[in-house]
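Here is a short set of exercises to work through with the model open beside you. Try each task before reading its solution.

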Amino acid sequence: MSHTWDFATIIQNWYVLWIGLKGTVFIFLVTVILGLSGGLIIGICRYAPSRALSWPAMAFVEVFRNTPVLVQIIWFYYAFPILTGIDVDPFLAAVLGISLNTMAFSAEIYRAGIQSIEPGQWEAGKAIGMTYNQSLRRVILPVAIKRVLPALTNRGIEVFKMSTLASVVAYVETLNQANLLADLNFNPIEAYTAVAVIFFVVLYPVVQGTYVLERVLKKGD
Amino acid sequence: MVEWNFIAVFSDFDLLLIGLLNTLKITALALLFGVPLGLVFALSRLSKFLPLSFTAAFIIEFFRTTPPLVQLFWFFFALPILIDVRMTPFIAAVVTFSIQSSAFFAEIFRGGIQSIDKGQWEGAKAIGMSYRQSLIRIILPQAVKRMIPAFMERSIELLKTTTLVSTVAYADLMFQANDLAQKTFRPLEVYTVVALMYFVLIFVFSQMSILVEKRLAQSGESTVR
């Protein structure tokens, strides 16, 4: 069977995908900011000498790393409101699922970064009279975060792709809009190809950028 | 206060078990096809023949940078228009996850192969081995051992990603959960139980992979990230 590709309906309705892309970028920004900053706090707690801090952090990380994101989103959408009585809209469900998942993954990245710093750095901080928190903030974290920057950007790329899962609870993002286009114009092939191309065009330069970043950081170390 | 009631969930627990089995089936099949395909992509990308290496690089990057859900929809809704096949959710799922994971496996293979010292290739050549022979007898056995931790991590990711097949109505654990939640009107209990099932399954696999990683670290052959 031969198929004649016809992108005319996609181009005519470009604003439908444009609205979707704006939704994708918006939810990406919210989840990546919440995820990476929350992850830093959890990562620090996970590393902390106090068990009252490190155990809950560890439990959080294990729970959210070992369950699929889709299950988390669906759980927050259908189960969480029953449990708490809080109204959860598609956006909130997707943000909760994706950002908590990202927190768990980035917490492990930050922890690995902190652990990779030589103990001498801690000792030096202590020797010049810094407290644990001061050494962490002034000496350890700046170096640790620089080291894990490539891993964090990879997480960011994953989050951008993960945002498509929000379409499952009908949040308006690129894939959800493509479903709409495909249903209206009976052209799933062009609609989904367009989405794939959009993601490739956005993420490919970012991925190449991370390779450059990795090389630059390697040189600097 | 919410009253938890698990009776409805557990009286239809066999539905969830069928789903669990299907989840494992998709994962296993995707691994079965994805790993060899990944090796082919990796070798093509490392090839000195530029058109081949560019094509492989493009395929790998394309499948790594597009969301798996978009790929799944493409294979399920779009591919049958392009070629004359009867697409079922099962075929779409196996095809998507085989290719998607093969792109990631390809990068793991490439990293493993490139991490092997050049002297090993030269040594093999010096005793008269062809490219193919050196690869199979000398390079891959060492590379594969170094790849195991990354390989296991990716397989666990794959297991989690298979939940997406529920969106094209393949009866995996997630789909069965949606079904059961609608039937019993107890989404809280159903989704909590299913989240726990996934947790236990994936937790066991990740603990196993940590054990293997420690074992490998002892024998001095590991690429701990």
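Buried means under 20% relative accessible area, exposed means over 50%, and partly exposed is in between, with a 1.4 Å probe and protein chains only. This is a predicted model, in which local features need pLDDT of at least 70 and side-chain atom pairs count only at pLDDT 80 or more, while totals for chains, interfaces and linings use all residues. Residues are numbered from 1 along each chain as its sequence is written, chains are lettered from A and ligands numbered from 1 in the order in which they are written, and side-chain values use heavy atoms, with hydrogens and water left out.

**Exercise 1. Salt bridges in chain B**

Find the partner with which Arg45(B) forms a salt bridge, and decide whether each of the two is buried or exposed.

Solution, step by step:

1. Start from the rule: a salt bridge is a side-chain nitrogen of Lys or Arg within 4 Å of a carboxyl oxygen of Asp or Glu.
2. Arg45(B) meets this with Glu61(B), where the closest N and O atoms are 3.5 Å apart.
3. Next, place the two residues. Arg45(B) is in helix α2 (residues 13-46) of chain B and Glu61(B) in helix α3 (residues 50-65), so named because helices are DSSP runs (H or I, at least four residues) numbered from the N terminus. The pair links distant parts of the chain, 16 residues apart.
4. Now the accessibility. Arg45(B) has 19% and therefore counts as buried; Glu61(B) is buried too, at 3%.
5. Look at another bridge, between Glu157(B) and Lys160(B), with 3.4 Å between the closest N and O atoms. Both residues belong to helix α7 of chain B and sit 3 residues apart, about one turn of the helix. Glu157(B) is buried at 19%, and Lys160(B) is buried at 9%.
6. Finally, return to the opening pair: salt bridges that share partners join Arg45(B), Glu61(B), Glu107(B) and Arg110(B) into one network.

**Exercise 2. A salt bridge in chain A**

How many salt bridges does a search of the whole structure find, and which parts does the pair Glu118(A) and Arg147(A) tie together?

Solution, step by step:

1. Over all chains, the search gives 10 salt bridges.
2. In one of them, the side chains of Glu118(A) and Arg147(A) come together at 3.5 Å, N to O.
3. Glu118(A) sits in the loop between α5 (90-115) and α6 of chain A, and Arg147(A) in helix α7 (residues 132-162), so the bridge ties together parts 29 residues apart in sequence.
4. Glu118(A) is partly exposed at 40%, and Arg147(A) is partly exposed at 33%.

**Exercise 3. Rings that pair**

Describe the aromatic pair of Tyr47(A) and Trp122(A), then do likewise for Trp121(B) and Tyr131(B).

Solution, step by step:

1. Rings of Phe, Tyr and Trp (its six-membered ring) pair if their centres lie within 6.5 Å; planes under 30 degrees apart count as stacked, over 60 as edge-to-face and the rest as tilted.
2. This rule yields 31 aromatic pairs over all chains.
3. Tyr47(A) and Trp122(A) are stacked, at 6.1 Å centre to centre with 15° between the planes. Their pair links helix α2 of chain A to helix α6 (residues 119-127), across 75 residues.
4. Tyr47(A) is partly exposed at 26%, whereas Trp122(A) is buried at 16%.
5. Trp121(B) and Tyr131(B) are stacked as well, with 5.5 Å between centres and 10° between planes. Trp121(B) lies in helix α6 (residues 118-126) of chain B and Tyr131(B) in helix α7 (residues 131-161), 10 residues apart.
6. To finish, ring pairs link Phe200(A), Tyr204(A), Phe58(B), Phe62(B) and Phe63(B) into a cluster.

**Exercise 4. Around Pro149(B)**

Which residues does Pro149(B) touch, not counting residues up to four places away in sequence?

Solution, step by step:

1. Pro149(B) lies in helix α7 of chain B and is buried, at 4%.
2. With contact meaning heavy atoms within 4.5 Å, Pro149(B) touches Glu213(B) and Leu216(B).
3. Compare the backbone: the C-alpha atoms of Pro149(B) and Ser209(B) are separated by 6.8 Å, although the two residues are 60 apart along the chain.

Note on methods: Helices (H or I, at least four residues) and strands (E, at least two) are DSSP runs, numbered from the N terminus.
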